[in-house]
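I opened a new structure today and kept notes as I went. Here they are, in the order I looked things up.

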Amino acid sequence: MLSSGQADLYRVVGLRHNSPSRQQLLWMYERLTLIREFEERLKWLVETGVPVGAVHYYTGQEACAVGVCAALEPTDWIASTHRGHGHCIAKGVEVHRMMAELYGKATGSNRGKGGSMHITDVRVGMLGVNPIVGMGATHAVGAALSAKVRKTKQVAASFFGEGAASIGAIHEAMNLAAIWKLPVIFVCENNGYAQSTPVEYAVSVPHISDRAAAYNMPGVSATARLYSQIPPSTAGWWNSQRRRSERPRCQQSPKN
Ligand SMILES: Cc1ncc(C[n+]2csc(CCOP(=O)(O)OP(=O)(O)O)c2C)c(N)n1
Ligand SMILES: [Mg+2]
């Protein structure tokens, strides 16, 4: 049974008409488990004292990255947060290059000079994990502007946390995306806390996606707990936008 909020989401995205194929579902399952296994191994390395630098785990949020990236083309872009392992894997960064990066090896994605919070691989459209909260949105807007100038069909997705949702750079990025009509999806991953600050304290609206209205963008909220809800909804909405040759802009705020 759907809550009224979920029913609204399903209506907005036309979920029933956009079921993922068996191939898509298998891809999503493989990515979900790969993200979890990568981080389980990483936790073991950290606990046994291997110096892999500062890491932020994405465990429990896998569905969001996989759901969004399932709707992207290989030539599209994503910009990540400080919690970026899942985004990288979902967009296709090879895990051996990620792990080599954590070990500081020259074979790493950034030649071992960046570590967990700088993993970047533009070959697969991964614009970067980013330690500066909210800054990825500006990169996504820049990439989307280049798509508009070059007249390509590429789109950019910007992931950010609900804490980042109140930071200035996010709002500057959203405003520019709106006035320039850029193909950007702003994806807010609401995990309830920004360090020790609960979302109920820091955010005045019931759903982060309500803020989309301030920029004349469509905004929808979804739960990422059941990953099966996210991919088709995101993909469905996105694909319907592509079919109509409109530029996709939306905001998701999964409640974990
Ligand atoms: C500009 C900036 N301010 C503060 C910090 C310190 N900081 C690191 S993580 C974090 C909380 C981010 O919360 P949220 O956006 O909800 O992401 P989550 O960690 O929950 O995934 C803060 C304040 C930072 N890295 N960058
Ligand atoms: Mg948070």
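Before the loops, a word on naming: helices and strands here are DSSP runs, at least four residues for a helix and at least two for a strand, numbered from the N terminus. With that settled, I could place Pro20, which sits in the loop between helix H1 (4-13) and H2.

**Entry: what I am looking at**

I noted early that this is a predicted model. I counted 9 helices and 6 strands in the protein. Of its 256 residues, 46% are buried. I also looked at how far apart in sequence the contacting residues are: among contacts with a separation of 6 or more, 71% join residues 24 or more positions apart.

**Entry: how far to trust it**

The average pLDDT is 86, and 80% of the residues score at least 70. Residues 1-17 are below 50, and that stretch has 20 contacts in the model beyond near neighbours in sequence. Residues 235-256 also stay under 50 in pLDDT, and there the model has 73 contacts beyond four places in sequence. Where pLDDT is low, the predicted coordinates should not be read in detail. I left the fine points of both stretches alone.

**Entry: Pro20**

Back to the loop between H1 and H2, where I had found Pro20. Is Pro20 buried or exposed? Neither: it has 18 other C-beta atoms within 10 Å, so I put it down as partly exposed. I then looked across the chain to Ala71, which is 51 residues from Pro20, and the two C-alpha atoms are separated by 9.8 Å.

**Entry: H2 against H3**

Next I checked how helix H2 (residues 22-47) packs with helix H3 (residues 62-70). The angle is about 145 degrees, and the axes are 10 Å apart. The crossing of H2 past H3 is right-handed. Which residues make the contact? From H2 I listed Gln24, Trp27, Met28, Arg31, Leu32, Ile35 and Arg36, and from H3 Glu62, Ala63, Val66 and Ala70. Sorted by class, that contact has 7 nonpolar, 1 polar and 3 charged residues.

The spacing of the names in my list sent me back to a basic point. An α-helix has 3.6 residues a turn, so residues three or four places apart point the same way.

How many residues of H3 are buried? I got 9 of its 9, so H3 is mostly covered. By name, the buried residues are Glu62, Ala63, Cys64, Ala65, Val66, Gly67, Val68, Cys69 and Ala70. Glu62 is thus on my list of buried residues as well as on the list for the contact with H2.

**Entry: Val95**

I moved on to Val95, in helix H5. It has 15 C-beta neighbours inside 10 Å, so it counts as partly exposed. Leaving out neighbours within four places in sequence, I found Val95 in contact with Leu34, Phe38 and Ile89. I also checked Val95 against Ile35: they are 60 residues apart in sequence and 9.0 Å apart in space, C-alpha to C-alpha. Ile35 was already in my notes, from the contact of H2 with H3.

**Entry: two odd phi values**

Most residues other than glycine have a negative phi, and most peptide bonds are trans. Against that, I wrote down two residues. Arg111 has a positive phi, near 60 degrees. It lies in the loop between helix H5 (95-102) and helix H6 (136-150). Arg111 counts as exposed because it has 12 C-beta neighbours inside 10 Å, and the cut-off for exposed is 12 or fewer.

Lys151 also has a positive phi, of about 60 degrees, although it is not a glycine. I found Lys151 in the loop between H6 and strand E2 (156-161). With 6 other C-beta atoms within 10 Å, Lys151 is exposed.

**Entry: Thr138**

Thr138 is in helix H6. I counted it as partly exposed because it has 18 C-beta neighbours inside 10 Å. Not counting residues up to four places away in sequence, Thr138 touches Ala169 and Ala173. Met174 is 36 residues from Thr138 in sequence, and their C-alpha atoms are 8.6 Å apart.

**Entry: ligand 1**

Last, I looked around ligand 1. What surrounds it? I found 13 residues, and the closest are Val133, Gly161, Gly163, Ala164 and Ala194. By class, this shell has 6 nonpolar, 5 polar and 2 charged residues.

Terms used:
Residues numbered from 1 in each chain as written. Chains lettered and ligands numbered in written order. Predicted model: local features only at pLDDT ≥ 70, side-chain atom pairs only at ≥ 80, totals over all residues. Axes fitted to C-alpha atoms, helices over the stretch in contact; angles between N-to-C directions. Left-handed = near helix turned anticlockwise from the far one by under 90°. Contact = placed C-beta atoms within 7 Å. Nonpolar A, V, L, I, M, F, W, Y, C, P; charged D, E, K, R; others polar. Near = placed C-beta within 6 Å. Buried ≥ 20, exposed ≤ 12 C-beta atoms within 10 Å, placed from the backbone. pLDDT = per-residue confidence, 0-100.
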